[in-house]
Structure formats: C-alpha cells, structure tokens
Amino acid sequence: MESNQIDINVLIKRRYEELDELKSKGIETFAYSFDVDNYSEDIKNNYEQYEGKDVKIAGRIMTIRRMGKASFAHIMDQKGRIQIYLKKDDIGDNYDAFRLMDIGDIIGAEGYVFKTKTGEISVHLKTLKLLAKSLRPLPIAKEGEDEQGNKIIYDQFADKELRYRQRYVDLVVNPDVRNVFFKRSKIVTSMRNYLDSKGYLEVETPVLQPLYGGASARPFVTHHNALDIDLYLRIADELYLKRLVVGGFDGVYEISKDFRNEGMDRSHNPEFTMLELYVAYKDYNWMMNLVEELFEHICKAVFGNYEFSYEDKKINFTRPWNRINYVDVIKDKTGVDVIAASENDLRALAKNIGIELAGLFGKAKLIDEIFSQVVEPEIIQPTFVVDYPLILSPLAKKHRSKEGLVERFEGYIAGREICNAFSELNDPVDQRKRFEDQVKMREAGDEEAQQVDEDFLRSMEYGMPPMAGLGIGIDRLVMLLTNQSSIRDVIFFPQMKPQV
C-alpha cells in the first residue's frame, strides 16, 4: 500500500509538471466553454447520417495510443465512448500539446466522422482543445490473463466503501454504475408522468417541521437561531399533504427527501426518497389497483417488460398481485393470533423465534418484529399484505367489518417492503385518541411513537374528506428494478462514517 501511494504521488507530480509546461506554451488548461453539438452514441448509432460530416464532441480521455505523428484515443462523454484520430499534419501545434495530455483529461474535439480500416466509427480531428487537465490519475482497470487463460482485471476501482466515498470516480470508471442512475432518473420521471396524467398535483411541503409525524421513527433535530426553537427534519410528508386535501385539493403528491435517525443496513439510509400520494374520496381497495397499474407503467415505460431478475429471484409485475391477510399469515406461520395474544405471549413467541427483546416495548413493536422475522423474508412475488392490527397504524381508518384491524396494506417484493397505504383516518375524535395512545407508548419507552399534532387535529376538525394515502420507497424500488443489493448502490452520495 505504501509503495502504491508513492507511485500515485509520482504520477500526480508529473501531471503538475505537465500542467506547468502547457501553461508555458500559452495553452489554456482550464477552459471556459466548448460548443458541443453531438454525443458519442448518437454518432455511432446513426453512422449513415454522420459519415463525412463535421461534429463537435467533448469528453474525458479514457485510452491513448500514440504512434509518432499520429495517435488514437477514446473519449467518454455522457452517453458512451468514441474513438478519435489525431494527425500532426492536421492539428499542428495542438498535436505537440496532446503529448502532454493524459488519461482523465477532458478535451473538446472537432472533426469529421469516418470508419477506420478495422471498421471502428471514429472522429478524424481538425481541432483539439484542452478543457480541463486531470491532475490525479484515474484508477483505470487493465485486463490480462493468468497461466490458465483466465481473464484477470488489475487496478479495478472495486472497493465498495471507496466507491461510495468517491462516487465521482466511480461514475467515471464504472459505466454500469452510471447506467443505474440514468435508470433511476427515468423511473422517477415515469412515476411523475403517470401521476400527472391522472390530474394529481405535485406539491412541496416543509422539510423543517416544528413537530414530526406521519410515521413511527426517531427524527433528526436542529435549532433555528432566529426563532430560538428546535426544529425536526421531516420523517414523512403525510400530515402536511393531508392538510392540503382538507384545503380542497382532491389529489396531491410529493417526491421528497425524508430523514430518520435510525440504523443503517442494506435497505436503510438515514436520508431517503419517498413518493407520497393522497387522493380524496378513495379507499385502500382503490389504491391497490392504482399501485398495480403504476408499477406496470414504470416497468413498461422504462424497461419495456414486466419480468425482472433480482439477485437469484425472478420477479413478475403483471397484475394482479397476490393478497394475504396480516394476522392470518402470522397465525399460519406461528400458530398465534397476535390480536388475541397478550404482550407476555408475544414476548415468549418472539424469544422463541430468535428475536432480540432488548428495546422492544409494547405489543405493536413485538407484532411488527414477529412479522418481519417469519413472514417478510418469504414474500418474493409482488404481494399486498392487508388488514393490519389497529395498534400498528395510528393514522389508518378502522376496518369497516373486522374488529381490531385497520384498512391498511403494505406491498412486499423480494422479501422487502416497497410501499404502504391506508384508507386514511378522517375522524378527528378517533385521531386524537390514537395520538394520545402513542404518547402513552412513548412514556413507556417507545422512542419512535408519534406525538400529538394539535394543528393537524384542528385541520381535521374543519372536515377532512375520506381519502386513500400511499407511500412508496423510491430507493428500494430502484434497487429492485436495477438488481442492486444495497440501497447505497442507488443513492449518489450515501451517508458514510467519517474517515479518521
């Protein structure tokens, strides 16, 4: 490791020397602009239209092959790579400047499109302009073979932690990573297009909130100096979006960053992206149909199919999704009716199936952990788990025909929750009692229990229409559709422990 560091420092020193030499020749090393009019993949995919025509392209040098008075290089732009061909007779002094350029340098090039003798689509340069000198070498992978003829990749930028910390390098040297984020953008755009086509209004609600609510989670707290009050980073958008429905909007949605001060693992990051949607005069049965339709729309619009591979699983998003009952499926797995069971019975069951009991307070937490342990990992195909215990759902409407339950569903795919939805509670008297029960849970030690939001209750007292609400974890959805095993692989800059 030490010798490698020395080698890198030598390379960096050499690049600074090249920078000085370029400046001494009067060559601009960090340009102001360049008029790009084409991209690599467009040229290669439409060669017949481009053959012999002049183009202006820009990108990062990824390979160089020098041959006296002529050279080849590949540059990478946003859409891919293309070869460029340079001759000293064509570009004059700029060819000498090219001698001082390296892999990683960003250049602008103008020339005509042609094919080499080997048939590779290339650009024969007429002019070359250095746009930014790279002073630190890229970790470009090199390929070789061992004695048995197996391919070996050297100097690959593969260390996961380093890739997350230096995502800018990861994106340059790993095109597959860049492709995941292109797909992420298209997934979000397709969601927005679908909801807009239904006439729902995209809105923005506060990130800094005087009270946090809409979910069971611990918040991040900060302090506003001018007002001299503590504020919280939102854990959900729900209570503000419902206020807007009270105000007369029949359908509102927000694609937003939420923040929860919780543990980190393959499917949890303290900062994450959610879609929340609330539609007046609808219920959770209607919302199940919308979720099925929305997911089919995303799959078709972005990927052109409904079947996906995720890790070692084959997932099919074709409607209809499976439906199973929350209480019944736990009873099928454990023999215990969690509604009728006492807290002691649930603690005994949890202990028996290997759940760590430290920090688990009350029936709600125990039931949730039992479900997560015995049911969740086994749900592979898209499935709605329906009709949750009331104690787990302080913002959902009581089930119209089943005592002790609420009209709630969660969507599960590949052993992981992907969405959550309710027939939303619109009775302010019932809502106040639910909030007060949450306060009791907090007093008993549940740090994630919700608070009493008096302003939200006041909005309900003005009259809140019945409505269906939905939350979708966008990061988890992208993981699933792009076959990524960790949430960090679909977030540009995931939270990391500071380096010492």
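**Figure 1. A polar contact of 3.2 Å links the side chain of aspartate 258 to that of arginine 234.** In this predicted model, aspartate 258 belongs to strand S12, which covers residues 251–259. With a relative accessibility of 0%, aspartate 258 falls in the buried class, because residues under 20% relative accessible area are counted as buried. When neighbours within four places in sequence are set aside, the contacts of aspartate 258 include Arg234, Ile235, Ala236 and Asp237 on one stretch of the chain, and Pro270, Glu271, Phe272, Met274 and Glu276 on another.

**Figure 2. Overview of the protein chain, with its 16 helices and 20 strands.** Taken along the principal axes, the box that holds the C-alpha atoms of the protein chain is roughly 85 × 55 × 50 Å. Of the 500 residues in the chain, 47% are buried. Where contacts join residues at least 6 apart in sequence, 64% of them are between residues at least 24 apart.

**Figure 3. Surroundings of glutamine 83 in strand S3, residues 80–87.** Glutamine 83 has a relative accessibility of 4% and therefore counts as buried. Its side chain makes a polar contact of 2.9 Å with the side chain of serine 122. Apart from neighbours within four places in sequence, glutamine 83 is in contact with Arg65, Phe72, Ala73 and His74, and also with Thr116, Glu120, Ile121, Ser122 and Val123.

**Figure 4. The buried face of helix H11, residues 326–334.** The buried residues in this helix are Tyr326, Val327, Val329 and Ile330. Viewed down the axis of H11, these buried residues lie within an arc of 165 degrees, and so they line one face of the helix. As a general matter, an α-helix has 3.6 residues a turn, so residues three or four places apart point the same way. The packing partners of the buried residues of H11 are two kinds of element, namely the strands S16 (322–325), S17 (383–389) and S18 (405–413), together with helix H13 (362–374). At the start of H11, a side-chain oxygen of asparagine 325 comes to within 3.0 Å of the backbone nitrogen of valine 327. Just after the helix, glycine 335 adopts a positive phi of about 80 degrees.

**Figure 5. Packing of helix H11 against helix H13, with a crossing angle of roughly 65 degrees.** The axes of H11 and H13 come within 10 Å, and the crossing is left-handed. On the H11 side the contact involves Tyr326, Val329, Ile330, Lys333 and Thr334, while H13 contributes Ile367, Asp368, Ile370, Phe371 and Val374. Of these H11 residues, Tyr326, Val329 and Ile330 are among those buried in the helix.

**Figure 6. Packing of helix H12, residues 343–352, against helix H13.** The two axes come within 10 Å and cross at roughly 30 degrees, and H12 and H13 are therefore roughly parallel to each other. The threshold behind this description is that angles under 35 degrees count as roughly parallel. The crossing of H12 and H13 is left-handed. Glu343, Leu346, Arg347, Leu349 and Ala350 of H12 meet Gly362, Lys363, Leu366, Ile367 and Ile370 of H13. Two of these H13 residues, Ile367 and Ile370, also take part in the contact with H11.

**Figure 7. Packing of helix H9, residues 238–246, against helix H15, residues 454–461.** The axes of H9 and H15 are 10 Å apart and lie at an angle of about 25 degrees, which makes H9 roughly parallel to H15. As the two helices pass each other, they form a left-handed crossing. Leu239, Lys242, Arg243 and Val246 are the residues of H9 that meet Asp455, Phe456 and Ser459 of H15.

**Figure 8. Surroundings of proline 428 in helix H14, residues 428–443.** Proline 428 has a relative accessible area of 21% and is partly exposed, because that class lies between the cut-offs of 20% for buried and 50% for exposed. With neighbours within four places in sequence left aside, proline 428 is in contact with Leu457, Met460 and Glu461. Arginine 408 is 20 residues from proline 428 along the chain, and the C-alpha atoms of the two residues are separated by 18 Å.

Key:
Residues numbered from 1 in each chain as written. Predicted model: local features only at pLDDT ≥ 70, side-chain atom pairs only at ≥ 80, totals over all residues. Heavy atoms only, no water. Buried < 20%, exposed > 50% of the residue type's maximum accessible area, 1.4 Å probe, protein only. Helix = DSSP H or I, 4+ residues; strand = E, 2+ residues; numbered from the N terminus. Arc of directions from axis to C-beta. Contact = heavy atoms within 4.5 Å. Polar contact = N/O pair within 3.5 Å; in protein donor to acceptor, adjacent residues only side chain to side chain. Axes fitted to C-alpha atoms, helices over the stretch in contact; angles between N-to-C directions. Parallel < 35°, antiparallel > 145°, perpendicular 65-115°, else oblique. Left-handed = near helix turned anticlockwise from the far one by under 90°.
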